[in-house]
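Q: Could you take a close look at one part of this model for me? I'd like to go through the charged side-chain pairs and see where they sit.

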Amino acid sequence: MAEPWGISGPDFVWLYGGLVVLPLLFAGLWTWSLRHRAADEGTPPGPYHLAALAGGTERVADVAVATMVAGERIRLDSGGRVTVLRTASGDPLTRAATELVPRAGAGGLYRLKKLLSRSAAVQEVRNELQLSGLQVDERRRRAGWLAALILYLPLLALGVARFANAMPLGRLAAILAGLLVVVVAAVAGTVLLLRPSRTVLPTAAGLRVLGAARRNPALLPGVAGAVALGGLAAYPDPVMADMLVRAGDATAKGSAGSSSGVSNCASGSSCGGGGCGG
């Protein structure tokens, strides 16, 4: 019996299976090359840049909030609501945070962090990291997955056509059907990976810089450095750290006012007056 398209079923399955792997392999190698690109490590990154490398855009917002609390520019009440005490100047991140406080409203610190992490000021930090080669270039990363998607679509059409041709001839096509499921899953995965990501993906150089900062915290002293590397939980005052974590966490937000530590901090009895709102 003549083989469909002049190629036997097993041979087609082997060939098709190999083709299915190629787009994923290409995108993976492309991302690997982006992560290992040469970087400009001459200028050490500041706390915002290290925060982005260590914890993404929300960590950048954490650093801005923590420095404003420490500088007595904002205060938190026991429910996590934010009040501006002094208008911030100079730093684009703290200026942006000050402007966003009214929009945060009842959402308090949690809402403020979300708004700030999506602001143009935080995006500029990401842009600077990408230009310096410490963060994977988002547009180039997406371009690799777009190329993979473009390759997968004709592969999917080819597999469907072969499956449709095999069925009337009574040929077994279970393996081909399984490969088609794999291709559909791969298409769905590439579509998801094509979406703009707020995740900060450090390059190998970015990881080296971050590792050096972790090994020698003295390179980035103070509140900004501690929070950049450790998050709000690393705020030097443990009572205020507890308040910041609870107010900034959606799951703990509702219980922020019930914590004794939070209540003490909000009343100003356990830490600095301006930072706690006392």
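A: Here is a walk through the salt bridges, with a bit of the surrounding fold first.

Keep in mind that this is a predicted model. The protein chain has 13 helices and two strands, and of its 278 residues, 43% count as buried. Take the contacts between residues at least 6 apart in sequence: 70% of them join residues at least 24 apart. The accessible surface comes to about 13,700 Å², with 63% of that belonging to carbon and sulfur atoms.

Now for the charges. Searching the whole structure turns up four salt bridges, and three of them are worth going through here.

Start with K114 and E58, whose closest N and O atoms are 2.5 Å apart. This pair links distant parts of the chain, with K114 in helix α5 (residues 108-117) and E58 in helix α3 (residues 57-70), 56 residues apart. K114 has a relative accessible area of 22% and E58 one of 27%. Buried means under 20% and exposed over 50%, so both land in the partly exposed class.

Next comes K113 with D62, where the closest N and O atoms are 3.0 Å apart. K113 is in helix α5 and D62 in helix α3, so this salt bridge ties together parts that are 51 residues apart in sequence. What about burial? K113 has 8% relative accessibility, so it counts as buried, and D62, at 7%, is buried too.

The pair D242 and R246 has its closest N and O atoms 3.2 Å apart. These residues are four apart in helix α11 (residues 238-248), so about one helical turn separates them. The background is simple: an α-helix has 3.6 residues a turn, so residues three or four places apart point the same way. D242 is partly exposed at 28% relative accessibility, and R246 is partly exposed at 25%.

For a look away from the charges, try helix α1. Its 27 residues (9-35) should span 39 Å at 1.5 Å a residue, and the end C-alpha atoms are 40 Å apart, which agrees. The buried residues of α1 include F12, V13, Y16 and L34, and the buried residues of this helix pack against α7 (138-166) and α8 (174-194).

Back to the charges for a recap: K114–E58 and K113–D62 each connect helix α5 with helix α3, while D242 and R246 sit within helix α11.

Terms used:
Residues are numbered from 1 along each chain as its sequence is written. This is a predicted model: local features need pLDDT of at least 70, side-chain atom pairs count only at pLDDT 80 or more; totals for chains, interfaces and linings use all residues. Side-chain values use heavy atoms; hydrogens and water are left out. The expected span of a helix is 1.5 Å times one less than its number of residues. Buried means under 20% relative accessible area, exposed over 50%, partly exposed in between (1.4 Å probe, protein chains only). Contact means heavy atoms within 4.5 Å. Accessible areas come from the Shrake-Rupley method with a 1.4 Å probe; for residues, only the protein chains shown count as cover. A salt bridge is a side-chain nitrogen of Lys or Arg within 4 Å of a carboxyl oxygen of Asp or Glu.
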